[in-house]
Amino acid sequence: MMMRALLLAATLGTAVSAAPVLDTPVKDSWWADGRAALDARLKVVNRPKRAKNIILMVGDGMGISTITAARIFDGQRPIDGRTPAAGEENNLAWDKMTNTALVKTYNTNAQVADSAGTASAFNTGVKTRIGVLNFGADQGPEACKTPEKLPRKLAEIARAQGMGLGIVTTTRITHATPAAVYGHAPSRNWEGADRGYPAADRASGCPDLASQLVAFKGGFDVALGGGGARFLPAGKGGNRDDGRNLVEEWLKAWPQGKFVADAKGLRALGNRDAGPVLGLFNADHISFEHDRKDDAEPGLREMARFALARLQDSAKTRGGKGYYLMIEGGRIDHAHHASNPYRALNEAQIFSATVADVLKSVNLDDTLVLVTADHSHVLTIAGYPQRGNDILGYIKPVRGGESDGALSKEGWALDDRGQPMTTLSYANGAFVSPGLSRLLPPTEPNYLANKTHGTDSESHGGEDVALFAEGPRADLVRGVMEQNVIFHIMAEALGWR
Ligand SMILES: [Zn+2]
């Protein structure tokens with residue numbers, strides 16, 4: 001090598017010098033932090049290539065603009081006793097993961113995707129239509145009669161291999177993202193035996209999603225979320241019109257299983273493996289973090305910690321076999337649909353804290369951790385607010401920059417109607433009543449951000465989402481990829497061929 005370099009230098013007539021010693025005359029943290037980030041990347045190259053465990057973490061509707069806004073929000077309104085910062089320089093848990101890709105989210109028949117088609121892609125390796133769960137793009141309800149011809153799910157292959165299985169979500173456990181782990185349905189709305197699954201459609205013979213969770217071959221070690229009403233008969237705490245009590249059916253199928261319906265019940269179970277656990281903590285979705293009562297419903301962090309501890313402990317009874325755990329921060333999406341940036345960013349902040357907890361609790365030499373979103377939302381971060389400006393607040397612009405328009409007496413940038421503008425707004429969403437959003441200060445948790453187009457609900461966004469990864473074969477997470485490739489990366493990491 002050296003000889004060749006010398007020869008080359010001689011040919012070119014230049015002198016060879018040793019590698020330069022890098023230093024900077026600027027003594028600030030940017031240089032040292034930059035070197036530390038490089039060192040973290042150098043470490044990744046040496047990871048083993050086989051994963052025992054896979055943890056797929058989905059921030060529902062957590063597009064890249066949501067990530068940026070949540071990063072600033074988390075810096076400005078920190079949890080876990082941290083000191084508030086300007087925000088922009090803050091890091092969310094995945095900002096320090098060293099492998100990143102952009103993911104194309106479109107469904108086979110839709111430019112802008114929904115959670116069902118997208119979750120199908122990463123659970124089966126096959127893209128499908130909007131609103132459809134784990135059916136091929138050309139398969140209709142008649143395919144329920146030939147279930148062996150439906151796309152195979154990562155969870156069912158993992159179970160057949162003797163791996164552990166866990167699902168954690170803040171939505172109904174029959175909602176699109178968690179249902180794609182265990183179920184198949186030509187319509188994501190067929191969650192239970194209720195109005196969402198009309199009698200005419202039931203003639204298809206397709207089982208509702210709640211009943212599919214209970215009937216899942218080999219069962220789950222842990223399934224925690226909301227949606228209890230889909231499991232219980234009408235008049236008995238549920239809304240099933242077929243009289244079935246799926247909680248009783250589940251307990252009959254798993255005599256050692258424990259069913260819990262509140263945070264107290266979950267806490268009483270402890271972290272040691274003692275058979276499967278089904279936890280349904282709300283009839284509907286689990287409350288937003290901002291509204292949740294801690295003694296009634298466990299939060300995402302507590303559910304994820306419980307599921308992970310159980311799956312790690314139960315490895316003994318599986319002869320050391322690993323697990324597949326899907327964790328969904330499911331309500332970022334719901335707050336966005338309601339045009340409510342505070343709750344959306346707060347949910348994303350809790351999702352980040354959950355990712356940080358997970359990264360601390362696993363061995364990244366045998367566990368592949370993937371963090372992504374199923375699709376984006378139409379949130380934008382706009383104007384030229386100063387560093388440290390409240391991410392929820394009105395825009396206080398940098399003077400002499402791009403924006404030298406009119407200012408209010410408070411120093412807020414004014415729009416062409418003389419109204420102050422917020423940094424965050426939505427491209428569409430319900431106007432509710434004209435001007436309602438201006439009745440509250442924008443930093444108020446219940447403030448609804450401005451919309452450009454009035455629609456009944458703010459919509460998903462169609463641009464790519466991010467995928468972050470750490471652990472064995474995280475190096476495959478790079479470039480721009482189709483969403484179904486995520487399945488194939490997980491399969492490769494597990495050594496499936
Ligand atoms: Zn949505």
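Here is a walk through this structure, from its overall outline down to a few single residues.

Keep in mind as you look around that this is a predicted model. Let's begin with the whole protein. Its C-alpha atoms fill a box of roughly 80 × 70 × 45 Å along the principal axes. Is that what you'd expect for a chain of this length? A better way to put it is: what radius of gyration does the protein have? The value is 25 Å, which agrees with the value near 23 Å for a compact globule of 497 residues. Of those 497 residues, 47% count as buried. The contacts tell you something about how the chain folds back on itself: take the ones between residues at least 6 apart in sequence, and 70% of them join residues at least 24 apart.

Now for the parts. The protein is divided into domain 1, made of 50–378 plus 465–493, and domain 2, which covers 426–454. Between the C-alpha centres of domain 1 and domain 2 there are 30 Å. Where they touch, domain 1 puts in six residues and domain 2 puts in 10 residues. On the domain 1 side of that contact you'll find three nonpolar residues, three polar ones and no charged ones.

Next, the secondary structure. There are 14 helices and 15 strands in the protein. Ten of the strands, or 10 if you like digits, build an open sheet with mixed pairing, and the order across it is β5-β6-β4-β3-β7-β1-β8-β14-β2-β15. At the edges sit β5 (258–260) and β15 (480–482), each pairing on one side only. From one strand to the next, the twist averages 15°.

Let's start at the β5 edge. Here β5 pairs with β6 (residues 277–280) in the parallel sense, over three bridges. One pair to look for is K258 and V277, which are bridge partners, with V277 in β6.

Then move along the sheet to β8 (residues 367–372). How many of its six residues are buried? Six of the six are, so β8 is largely enclosed by the rest of the structure. In a regular strand, side chains alternate between the two faces of the sheet. You can follow this along β8: T367, V369 and V371 point one way, L368, L370 and T372 point the other way, and all are buried.

What about the neighbours of β8? Strand β1 (residues 53–59) runs parallel to β8 and is joined to it by six bridges. In this pairing, N53 has T367 of β8 as its bridge partner. With β14, β8 runs antiparallel, and four bridges join the two. Here V369 stands opposite E470 in β14.

Finally, have a look at two loop residues. D80 lies in the loop between α3 (64–76) and β2 (99–104), and its phi is near 60°, a positive value in a residue other than glycine. R473 belongs to the loop between β14 (465–470) and β15. The phi of R473 is also positive, near 65°, and R473 isn't glycine either. Are these residues buried or exposed? D80 counts as exposed because it has 7 C-beta neighbours inside 10 Å, and the cut-off for exposed is 12 or fewer. R473 counts as buried because it has 22 such neighbours, and the cut-off for buried is 20 or more.

Methods: Residues are numbered from 1 along each chain as its sequence is written. Two strands pair if DSSP finds at least two bridges between them. Axes are lines fitted to C-alpha atoms, for helices over the stretch in contact, and angles run from 0 to 180 degrees between N-to-C directions. The radius of gyration is taken over C-alpha atoms; the globule rule is 2.2 Å times the number of residues to the power 0.38. Two residues are in contact if their C-beta atoms, placed from the backbone, lie within 7 Å. Domain bounds come from an automatic or database domain assignment. Ala, Val, Leu, Ile, Met, Phe, Trp, Tyr, Cys and Pro count as nonpolar, Asp, Glu, Lys and Arg as charged, and the others, Gly among them, as polar.
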